[in-house]
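Grab a coffee and work through these short exercises with the model open beside you. Try each one before you read its solution.

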Amino acid sequence: MPVVELSYSRLQKLLGKVSKKQISDSLPFLGLDIESEDKDLVRVEYSPNRPDYSTDLGIALGLQGLFGIKTGAIKLNIKKSNDYVIHVEQSVSKIRSFVTGIIAKNGRIDDTMIKQLMAMQEDLHFGIGRKRKKSSIGIHDLDKVSFPLRYTTTKRDHRFVPLNSDKELTISEILDNTDVGQDYGAILGNSPLVPLILDSKKQTISFPPIINAAITTVTTKTRNLFVEVTGINKDDAEDMLSVVATILQTAGFTLVSTKISGSKNTSPKLEPKKILINSVLINQMLGLNLTNSQIISSLKKSRLDATLKGKNIVCSIPSYRFDIFGPMDLVEEVTLGYGIQNLEPILSPSQTLGQTNPISIKLKSLSLIMIGLGYTEALNSSLTSKRVLYEMTNREPINMISVLDSKSQEHTILRDSILPGLLENLSRNIHTSYPQKLFETGTIFSQGNPINEITSFAGISAHQDSTFTEIKSILQSALKTGFDLDIETKTFSHPIFEEGRTASISVHGKTIGIIGEINSKTIENYKIRVPVVGFEISLSGLILD
């Protein structure tokens, strides 16, 4: 979780007549975990979906609501202007299509604010920006920029002085020889052209998503800012912009609009969205009996706007609160506004006694048997990668199930087998002594409507003398000891296993899985140094109903 360091005295200046103890006691009720305190300083963890909490200004906005100092949504007051134009050229459409921006004038910046703005920038990059792949942000000294700007492309031999440098470098040199270039250069692929923002004097302003130019560096002498966001998705870019715009307005800056023209781009609106909710859902979830007026008051304390329309409450969510998707998120906001400390825990009215799920008992019994046989239990994620699941195991991704908007760039595939994950475990432990024996029980997935979920059981043994007979005896012992089941094997073929040393597994005439020696190509792909044998069977319908 990201951490921000705050000053109690600075927060008190932002809040007014509020004591240090009141602030300290209230921080957890904003969803912030206090990590440490040292006199005037406090370090708090915050959720990555609240990047506005990466600054003391954002946290002060939340505390103002809880204390009733200021309630309701923060409204962005953006002065319209035609003075700040960004022309978007067609050449960027296949590289990084979208750009947006805003002007912030007549503000004051100190070292603490610069530090927090940079931290917020990186949190936005890591979260909604997906490590700058989806969107990235640049903050510039406006007085060093000459409008209108051009968002265009250039060749890799283009030269400029990058941020934190006094030496002119080519694009290629920045990508190859700087830390930020090496970290994020892969986003641009092998294209000979890269995106660039130039001003009317043909000065380089930004090389997104990699680095800004040194000429626009923000210092404590900066009074006017230009904020630009580029990305592959317009909504993500504007979400990013809305967070920075809200924080800068709170810091005392006057916001002025930019005018975006060109391929696929329009000027940002940063408008609030509306979500309907009713008191029945809120009271059912919280176990309360709140009136509509109490709910509206609670929402306003969470810095949202709300009005009553018939039997429903219309909630207006400011653009920087992109973490709110639907009614259940609003239930959480009502809880925070009402006060978590005001909720009274009560015993469940149910008279039944809890007991262990029978399925859990059977799975635990199976685990204990495998541990007794000398195996170590693994626990891998159901989300994996195409590389691990298919490419390394020589399987065709015929019925691959991909997850939309995964938090991870690599782990985007729901597994249809446990064995590849266990092989990946072996590949990460090649310097550990052998034998290595692993097993796992878990869910695998197959296509259906809805998606089918099956409980699978897999085991592998890796050492110089591993054989088909060894792994078959392990599986037979586990099923016979725990569930009095006998297995039968029949010659079979599978891309993970060695031809001629593979068999299907049957119980009572029903095929439940596969067993055999892992083929040499798969072992080589995973860079495992010894022979490996393994099995995988379905427990659904066998020992699990």
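**Exercise 1.** Which residues form one aromatic cluster with Tyr84?

Keep in mind that this is a predicted model. Tyr84 shares its cluster with Phe147 and Phe226. Now zoom out: the structure holds three aromatic pairs. Phe147 and Phe226 make one of them, edge-to-face, with 5.4 Å from centre to centre and 85 degrees between the planes. As for where they sit, Phe147 is in the loop between strand 7 and strand 8, while Phe226 is in strand 14 (residues 225-231), so the pair links distant parts of the chain, 79 residues apart. Both Phe147 and Phe226 are buried.

**Exercise 2.** Why is the pair of Phe457 and Phe535 edge-to-face?

Start with the rings: their centres are 5.1 Å apart and their planes meet at 70 degrees. The cut-off for edge-to-face is over 60 degrees, so Phe457 and Phe535 qualify with their 70 degrees. Next, place them in the chain. Phe457 belongs to strand 25 (residues 452-462) and Phe535 to strand 29 (residues 532-538), so this pair ties together parts 78 residues apart in sequence. Finally, check the burial: Phe457 and Phe535 are both buried.

**Exercise 3.** Work out whether the length of helix 4 (residues 111-126) agrees with its residue count, then find what its buried residues pack against.

Helix 4 has 16 residues, and the expected span takes 1.5 Å times one less than that number. That gives 22 Å, and the end C-alpha atoms are 23 Å apart, which agrees. On to the buried residues: among them are Met113, Ile114, Leu117 and Met120, along with Gln116 and His125. The buried residues of helix 4 pack against strand 1 (3-7), helix 1 (8-15), helix 3 (56-66), strand 7 (135-141) and helix 7 (234-250).

**Exercise 4.** Which residues stand opposite Tyr151 of strand 8 in strand 5 and strand 11?

Take strand 5 (residues 85-88) to begin with: strand 5 pairs with strand 8 in the parallel sense, over three bridges. Here Val88 stands opposite Tyr151. Then turn to strand 11 (residues 193-198), which pairs with strand 8 in the antiparallel sense over six bridges. In strand 11, Ile197 is the bridge partner of Tyr151. Strand 8 (residues 149-155) is mostly covered, with five of its seven residues buried.

**Exercise 5.** Over the face of which residue does Arg50 lie, and over which does Lys273 lie?

Arg50 lies over the face of Tyr53, at 4.1 Å from the ring centre. For Lys273, the ring is that of Phe325, at 5.8 Å from the ring centre.

Methods: Residues numbered from 1 in each chain as written. Predicted model: local features only at pLDDT ≥ 70, side-chain atom pairs only at ≥ 80, totals over all residues. Heavy atoms only, no water. Helix = DSSP H or I, 4+ residues; strand = E, 2+ residues; numbered from the N terminus. Buried < 20%, exposed > 50% of the residue type's maximum accessible area, 1.4 Å probe, protein only. Contact = heavy atoms within 4.5 Å. Pairing = 2+ DSSP bridges. Phe/Tyr/Trp six-rings, centres within 6.5 Å; stacked < 30°, edge-to-face > 60°. Lys NZ or Arg CZ within 6 Å of the ring centre and 35° of its normal.
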